[in-house]
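Student: I would like to learn how to read a protein model step by step. Could we go through it together, starting with a small feature and ending with the whole assembly?

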Amino acid sequence: MKHYQICRGCRLHIHKTEKFKEVTLALNFMKDISKADRAGMFLLSFLLSDSCRAYQTKQEVQALFDNLYGASFSVANDPRGSCDLLEMTVTCPDSAYLEEDILEKQFEILSQFALEPRMENGLFDENLFRECRLKAVESVNMLNDDPAYYANERAAALYGGSYAMRCTPSADELLEISNEKCSAVYRDLVSRGNTDLFVLGNVDEGACLSYMKKYFPLKDRDSFFNIMHLHCGRKAEVREKKQISQSSLVMLYDTGHVYTDDDMPAFMLGNGIFGALPTSMLFQEIREKNSLCYAVGSENMIFDGILRISTSMEAASINEAVRLIEKQLERMKNGDFSEQDMETAREMYIASWRSSMDHVPSLIWDDYRSVILGRDDPVSDMIRRFNETNRQQIIDAWSTLALKTVYILEQEASDEEVQ
Amino acid sequence: MKKFSDPVFRETWYEETMPGGLKAVVIHKPMFVTTSCLFATPYGSLDCCQTDEQGRVYSFPKGTAHFLEHKLFESDHGDVMDDFSRMGASVNAYTSYEETVYYFNSSAGDISEPLRLLLDFVQDFSVSEQSVEREKGIILEERNMYNQDPDSRIMLEVMKNMYAVHPVNEDIVGSPESIRSFSRKILEEAYRLNYHPSRMMLVCVTPCDPAAIMDIIRTSQQCRHFAEAPVLKRAVYAEPAAVVKDKTVLHMDVSCGKSAIGFKLAVRDESAYERALRECCIKLCLDAWFTAVNPDYQNWIDEGYITPYFSYDLEIEEDRANILFLDEKEDGEAFRSFIISQMEKCISSGIREQTLDQLRKRALGSILHLLNSPSDLSAAWFHGISDGISVFDEFRMISRVSAETCLKMIRSIHTDASTLVILRKTGKNAE
């Protein structure tokens, strides 16, 4: 990957590869996360993906992307660690498969959607704002109608800190935000946020650099954001009820480890043994041996120092599941796992990191992670560290785990059909 | 092993029919590190009642294909998932209406071990009675999980309302009663009938040497003996043209109400190619009318006829055909009136040549995108061969189809058999 500093806080990164038949441009704006701006950041993902000054109607936007050979365009608000992130991605076919070169057009339209939104007098077009706000509210409602998603969000809110701030804004928060506030969040993000444009594909590097300068006349910015924040969560246990057919359980632990710590590979492999893989203790004990659930797993939030365990099952089985989870955790702390368990986790993690090299979004994220951590962080380095990890390092890494938040969404009664 | 290539998309693949009849395809992707390999049988949840050439009927409980998929992971020494994991390969499976698919992904340089294991475990029935009992609880929880998903719930209800006897009116996983009824014997019989290699296909997208991959598959098949299995077809259902129910209202504790409309279309006696062409033409007309390609689409949102989450789906199969419309709206009757009126306009308008050009360009991007993903490509390749239309054939079909043919095809459908399902909010969300 080659890096070019466009101005202070703005960089172009070119990852040249002939592997893919498409070229992907991913423009990332990053800022520190704040409760006050969360709803605005979330809403921007709807406003900036709908249309722009040059392409004002849905029909024009659809025709634009169709005529660029089914180009895909997305804007995602994806906060990570203690930072809020807006990712704008345009993917087009590699021009080698076409009768025309569309790379410059790809840069131009990304710039038009990112830097020339449908605004007048400093505000988003009022009709667009109303429609997108409604769409965002519906989106939140739909997400929360998934009991497992809702339980994860409620647990995060109870846990606190920037993890709680990363929660999807509520429908009320979205309905309260004004056009003025949202427009201000946009201006602040574009003028102050760390800006990185990634190009992935078989491209001419010189052409990319000249298109970047031509279409992204960005100004210096001095911000520095630290994505990593070691959390210490709030102690809480909450049960709520809903008319659902399955109860959801979420348990959040402080781990004491973030991504750049030396013991992170050991903690990751431990998570493979404990709950992240189908061979793990949680899957084997709770699903396979006791038939309590269909899905159970643990997720290591590498920028936060949090481990999340989640599962869904009959309400009557929840207490037994909690007991089994705690028992498996004790096994981890006592080193009660086999050499084979450890080697399996190692094989699976190495395979997973290698596979990321064939997956465009993962590749871009791997590149971005190196950039935001300010260090060369190649996949090969993490694979080497996995290979060097031993049993005692895993036991030590897992000895610091502390349970903080338990959230249970219990089934009240099953839903009914009404003629 | 026969070599094929497509100069336009710059892809090369190899095909061979193995001893025993297994069809193997190896798509060579030398620049990738990941191998994605699937082993599939065209045996899905709809095949719960089958007939052989003598007219003998084989009936199984609803959800048999799915239950069998879960249990095939069991081997004489435990769970094959563990064995794959030890090799650094991730394995999984799924059952749909039409097929059961087992697959693994591996980024190891040598995939001979997981490939042999995939062949071994799918072609070996080692299921114990105790494990069948244990699996029932897991599958009932899986069913509960889908049951509380509003989209899954409303779509299943639309199928129930549309189809009187066709098994598409049942959950893929089966009912609580059918799940509790499974025994080893039932699964073994379903396995014997539907996992014969002559019915199955193996598709491997890989950077590894194709000849070496084919050698592994060939050697594996040469070592095996497969008892003759009858040639089975899905039972033919005397499905009436009319829908079962005009309307159903469901209640769930959700914050978004929904409405879904299903149009039951006539089934035709046609070849796979004719069916694919009909589906392609009707899909193009729907894409031209019911998406932002249509200049009225924004007005429909502004005036509240649809929400930005409006969607539709078309399905034309040998024994069923339908169009489904879904939106986040509780005023289902108004939604139905609107959709019926727009369907009439869509049917009379067809598609303009300029719009068709636009959608052809979109199709080129879609196929290039597909070719970037080994796992999606292996699945699409299997579907293509099962349906008799490859991924490249499908693209060429869209490239060559005329607006006139699209108009003819869309005009062949009738919208008089429709059903509506409304999902209303209950609990505190309804207040």
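Student: In S10(B), which residue is the bridge partner of B:Val91?

Tutor: Please keep in mind throughout that this is a predicted model. The bridge partner of B:Val91 is B:Phe104 in S10(B), and this pair belongs to an antiparallel pairing of strand S9 (residues 90–95) of chain B with S10(B), which extends over six bridges. The two strands S9(B) and S10(B) form a hairpin, with four residues between them.

Student: Do strands pair in the parallel or the antiparallel sense elsewhere, for example where S13(B) joins S17(B)?

Tutor: Strand S13(B) and strand S17 (residues 418–425) of chain B run parallel, and six bridges join them. In that pairing, B:Val249 stands opposite B:Ile422 of S17(B).

Student: Which residues of S13(B) lie on its covered face, and which on its uncovered one?

Tutor: The general idea is that in a regular strand the side chains alternate between the two faces of the sheet. In strand S13 (residues 247–252) of chain B, the covered face holds B:Thr248, B:Leu250 and B:Met252, whereas B:Lys247, B:Val249 and B:His251 make up the uncovered face.

Student: How should I read a helix, and what span should the 18 residues of helix H9 of chain B have?

Tutor: An α-helix has 3.6 residues a turn, so residues three or four places apart point the same way. For the length, one counts 1.5 Å a residue, so the 18 residues of H9(B), residues 272–289, should span 26 Å, and this agrees with the 26 Å between its end C-alpha atoms.

Student: Which residues of H9(B) are buried, and what covers them?

Tutor: The buried residues of H9(B) include B:Arg275, B:Arg278, B:Glu279, B:Ile282, B:Leu284 and B:Trp289. What covers the buried residues of this helix includes strand S15 (311–316), helix H11 (332–349), helix H12 (353–370), helix H14 (391–400) and helix H15 (403–410) of chain B.

Student: Is A:Asn387 buried or exposed?

Tutor: A residue counts as exposed if 12 or fewer other C-beta atoms lie within 10 Å of its own. A:Asn387 has 10 other C-beta atoms within 10 Å, and therefore it is exposed. Its place is in helix H15 (residues 379–388) of chain A, and its C-alpha atom is separated by 44 Å from that of A:Ile109, 278 residues apart along the chain.

Student: How many helices and strands does chain B have, and why does its radius of gyration agree with a compact globule?

Tutor: Chain B has 15 helices and 17 strands. A compact globule of 431 residues would have a radius of gyration near 22 Å, and chain B has 23 Å, which agrees. Along its principal axes, the C-alpha trace of chain B spans about 65 × 50 × 45 Å, and 47% of its 431 residues count as buried. Among the contacts in chain B with a separation of 6 or more, 81% are between residues 24 or more positions apart.

Student: Into which domains is chain B divided, and how many residues of each are in contact?

Tutor: Chain B is divided into domain 1 (2–234) and domain 2 (247–430), and the centres of these domains, taken over C-alpha atoms, are separated by 28 Å. In the contact between them, 31 residues of domain 1 of chain B meet 27 residues of domain 2 of chain B. On the side of domain 1 of chain B that touches domain 2 of chain B, the largest share, eight residues, comes from H5(B), and the residues of that side divide into 19 nonpolar, five polar and seven charged.

Student: How many residues does each chain give to the contact between chain B and chain A?

Tutor: The contact takes 61 residues from chain B and 57 residues from chain A. On the side of chain B that touches chain A, H12(B) gives the largest share, ten residues, while the residues of that side divide into 28 nonpolar, 22 polar and eleven charged.

How values were computed. Residues are numbered from 1 along each chain as its sequence is written. Chains are lettered from A and ligands numbered from 1 in the order in which they are written. This is a predicted model: local features need pLDDT of at least 70, side-chain atom pairs count only at pLDDT 80 or more; totals for chains, interfaces and linings use all residues. The radius of gyration is taken over C-alpha atoms; the globule rule is 2.2 Å times the number of residues to the power 0.38. A residue is buried if 20 or more other C-beta atoms lie within 10 Å of its own, exposed if 12 or fewer, and partly exposed in between; C-beta atoms are placed from the backbone. Two residues are in contact if their C-beta atoms, placed from the backbone, lie within 7 Å. The expected span of a helix is 1.5 Å times one less than its number of residues. Two strands pair if DSSP finds at least two bridges between them. Ala, Val, Leu, Ile, Met, Phe, Trp, Tyr, Cys and Pro count as nonpolar, Asp, Glu, Lys and Arg as charged, and the others, Gly among them, as polar. Domain bounds come from an automatic or database domain assignment.
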